[in-house]
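Me: I am new to this one and would like to understand the words used for it. Could you go through it with me?

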Amino acid sequence: MTEGARKTSLDHRVELAATVLLAMAAVATAWATYQSSRWHGKQAKAQSASIAARVESTRAANVANRQAQIDVALFTQWIDAYARNETELADFYRRRFRDEFQPAFNAWVATKPRKNPKAPLSPFAMPQYKLAASVQADSLEAKAGAYSELVGRYIQRADNYTLAVVLFAASLFFAGISTRLHGRGSKAAIVAVGYTLFLGTVIWLATQPVSIAV
């Protein structure tokens, strides 16, 4: 093979490598763009779920606060009547205690608070005093917090794929500009840079999670 033919063959190989890089980078750019869009969509759903859970948590907390106010009001009325030895009135208020308040009240009475200086100051200090609405509010708040963490995670993943789009676009640029260069060495060097950037980005993306809608 003559020197001219060898140089022509090398030029064809570099051009072929640039063409292959253009094709692969174009496909990879489309894939990264799709993944970025998918993770942004998941982030939006997680954010909506977080907001909904927080709204429900606030609603449950408000219910718990109203129930606690009722318990405090009835207990205050009962203890006033009890202190005045108005047995009938005290029984009247006691029969109207809410079911959730009864266990704490009975446990508090069992401590003999009038004689026992170590007794809790009120039924509300007893471990038996638990409001289902308050437990629900805490659970929903924790759920909202978990969704908020997902939001941050999904945003980061979407940003990673957006960065990959930029890197693939850069490799496309190197592949495209190599076709306009005339120097064999500079053309091969530019294509090599494009491949290095492309392969490095592909290897990095291989460590990222993938979301696919079926």
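Reply: Happily! Ring pairs join F75, W78, Y82, F97, F101, F105, W108, F124 and Y129 into a cluster. This is a predicted model, in which local features need pLDDT of at least 70 and side-chain atom pairs count only at pLDDT 80 or more, while totals for chains, interfaces and linings use all residues. Residues are numbered from 1 along each chain as its sequence is written, and side-chain values use heavy atoms, with hydrogens and water left out.

Me: What makes two rings an aromatic pair, and how many aromatic pairs are there?

Reply: Rings of Phe, Tyr and Trp (its six-membered ring) pair if their centres lie within 6.5 Å; planes under 30 degrees apart are stacked, over 60 edge-to-face, and the rest tilted. By this rule there are 19 aromatic pairs.

Me: Why is the pair of W78 and Y82 called stacked?

Reply: The centres of W78 and Y82 are 5.0 Å apart and the planes make an angle of 15°, so the pair meets the rule for stacked. W78 and Y82 are also 4 residues apart in helix 1, which means about one helical turn separates them. A helix here is a DSSP run (H or I, at least four residues), numbered from the N terminus.

Me: How do you know whether W78 and Y82 are buried or exposed?

Reply: Buried means under 20% relative accessible area, exposed over 50%, and partly exposed in between (1.4 Å probe, protein chains only). W78 has 7%, so W78 is buried. Y82 has 39%, and therefore counts as partly exposed.

Me: And why is the pair of F97 and F101 called edge-to-face?

Reply: The ring planes of F97 and F101 stand at 90°, with centres 4.9 Å apart, so edge-to-face is the right word. Both F97 and F101 are buried.

Me: What makes a space a pocket, and which residues line the largest pocket?

Reply: On a 1 Å grid over the protein atoms alone, a pocket is an open set of points with protein on both sides within 12 Å along at least five of seven lines, where a 1.4 Å probe fits; lining residues have an atom within 4 Å of a point. The largest pocket holds about 260 Å³ of space, a volume being the space filled by probe spheres set on the points. Its lining consists of W78, I79, Y82, A83, R94, F105, W108, V109, K112, P113 and R114. Helix 1 (3-83) gives the largest share of that lining, 4 residues, and helix 3 (102-110) supplies at least two.

Me: How do you know that S50 is buried, and what does S50 touch?

Reply: S50, in helix 1, has 4% relative accessibility, so S50 counts as buried. Contact means heavy atoms within 4.5 Å; leaving out residues up to four places away in sequence, S50 touches A144, Y147 and S148. A polar atom of the S50 side chain lies 3.1 Å from the backbone oxygen of A144.

Me: Why is K112 called exposed?

Reply: K112 has a relative accessible area of 57%, so K112 is exposed. K112 sits in the loop between helix 3 and helix 4 (132-178) and, although not a glycine, has a positive phi of about 50°.

Me: And why is N85 called exposed?

Reply: N85 reaches 65%, so N85 is exposed. N85 belongs to the loop between helix 1 and helix 2 (87-94), and N85 has a positive phi of about 60° without being a glycine.

Technical notes
A polar contact is a pair of N or O atoms within 3.5 Å; within protein, one must be able to donate a hydrogen and the other to accept it, and residues adjacent in sequence count only if both atoms are side-chain atoms.
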